[in-house]
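Please find below a few numbered remarks for your reading of this model, set out with the coordinates in view.

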Amino acid sequence: MNEKTNLVSGQTTEKLPAKVKWGYGLSGYCSFITWTAFSYYGLYFFTDIVGISAALAGLMISLGTLWDAITDPIVGGISDNLNLKGGRRRPLIIGVAVPFVAVSILLFTNFGFGTTASKVYFMIMILLYYTAQTVLDISSSALGSEMTLDYDERSTLATIKNYFGLLATVAISPTLVLVAYFGGWFTNSDYGWTCTIALYVLIALMFIIIFWRSTKGYERHREEGGQFSVADIKEVFKTKPTRVVMIIFAVAIFANTINYALQVYYYSNYLSLTDAQISSITFVFGVASIAGAWVTDQIMKRMSKKSAWIIAMGSEAIVMIIMIGFLIHPGNLASVYVLVILMSVGNAAVYQVPWAMIPDCVDVTELATGKRLDGVIFGIVAFLQKFAGALGAAILGTLLTVIGYVDGAVQSASTLTSLKNMYGFLVGGLYLVAVVIVFIYPLSKKKHDRVREAIEERKEGKEINMDEFKDLI
């Protein structure tokens, strides 16, 4: 690891080699490929392929997401306290790789069981998938937090990881086309879903191995941990930056869950688009979002992480409300491409900005408690994120039933109008709420640098005036 001294602050900053940063970034694809496919097509798969009602399917997904939320802080706490030769996080990452791939494939495999058996089978698969995904995502996120303490370097890590996370959106863009193609190989065309997801996650397996090898030797701050106790959770909530990040992330994920799951219904029913058209739109959305991640990174570095959230999420909210609510009509395909391009910066920022903020919050908590609790904090933030996602899935399934959505049928005019309003006004409005809340986020780059200085001063035996940080703790 290259280290150099900041001549202004006197701090030691940590720069990572490019190959390490890009190797770590591959974790974004690994963590998000199945999650993205499930977010876009999980509800649709259960309702229109397996034949489960929208309300029940939404409930099943929400229960799985709640399980995911519960396991997040548990896995985070376990990883904080592992003491293995390969580190705290990396053994978990490589250990869960094959189970993650296997369960992801089974999650989208419809064996044609009876109604009750199918519900039980998919509920079990949902729970197993979210368990594996939790181990992979929490471990990789916490690893990134402790690979470097540099404010801007963390932004770069979050950005590169987000590039590959958004690549997952590009990767799944031909899903409906591939499902039809692979489905032609079998008597039961539902196996087209199995083959398509298998293709996606086998690439993820290769990426996990590269990611695991690239980060060897860069889990540098494990000596700063400390034994975790339940009391630490209470201390985490005492830091204002952490509380704000938790809230904005939860609200944004609640909106994003509805956003992703609703797209296929909006495109196929309200806009009457073909599978190929939907695939092309998803592809453009993913590519534009990768470019949007670069824009978000530049705003974070040139202005601040807070400014990046306001600009990116605010623009997506306004675009969705205006274009979906008032301008886009069935048959107007060109305007949909304009929509997803304009939404792309906000889509990138939903994960990228909080991922960059959370490691800074870890530092504030370290100042307050004397402990580095990367895994616990990522776990708690993820818990609230997943709880919000579960709530979003359950509410969306219920809303589809309330507005009269019928699986595989021609929808009524009132149902189509409700789909449009839910997508434009509900989702866009929720993004605006997340923008308003972030205005109270108190941690700037200058303040973060001072937090790091104070931590180092305390290690040197100097007395710290904590009144200086009363706006943070």
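1. The expected span of a helix is 1.5 Å times one less than its number of residues. In this predicted model, helix H6 (residues 151–171) has 21 residues and should therefore span 30 Å, and the 31 Å between its end C-alpha atoms agrees with that expectation. H6 is also mostly covered, since 18 of its 21 residues are buried.

2. The interior deserves attention next. The largest nonpolar core holds 156 residues, and those that touch the most other members are Phe 46, Leu 262, Tyr 265, Tyr 267, Leu 400 and Tyr 423. Helix H10 (residues 240–270) gives the largest share of this core, with 20 residues.

3. Leu 400 can serve as a point of entry into that core. Leaving aside residues up to four places away in sequence, Leu 400 touches Leu 43, Ala 54, Leu 262, Tyr 265, Tyr 405 and Leu 419.

4. On the surface, a nonpolar patch is formed by Ile 318, Ile 322, Phe 326, Leu 327, Phe 425 and Leu 432, which together have about 540 Å² of accessible area. Helices H12 (305–327) and H15 (413–437) each supply at least two residues of the patch, and the largest share, four residues, comes from H12.

5. Is Leu 327, one of the patch residues, buried or exposed? Leu 327 lies in helix H12, and its relative accessible area is 48%. Buried means under 20% and exposed means over 50%, so Leu 327 falls in between and counts as partly exposed.

Note on methods. Residues numbered from 1 in each chain as written. Predicted model: local features only at pLDDT ≥ 70, side-chain atom pairs only at ≥ 80, totals over all residues. Heavy atoms only, no water. Patch = residues over 30% accessible without salt bridge, like charges linked within 9 Å, V, L, I, M, F, W, Y side chains within 5 Å. Areas by Shrake-Rupley, 256 points an atom, 1.4 Å probe, with all protein chains shown as cover. Salt bridge = Lys/Arg side-chain N within 4 Å of Asp/Glu carboxyl O. Buried < 20%, exposed > 50% of the residue type's maximum accessible area, 1.4 Å probe, protein only. Core = buried A, V, L, I, M, F, W, Y, C linked by side-chain atoms within 4.5 Å. Contact = heavy atoms within 4.5 Å.
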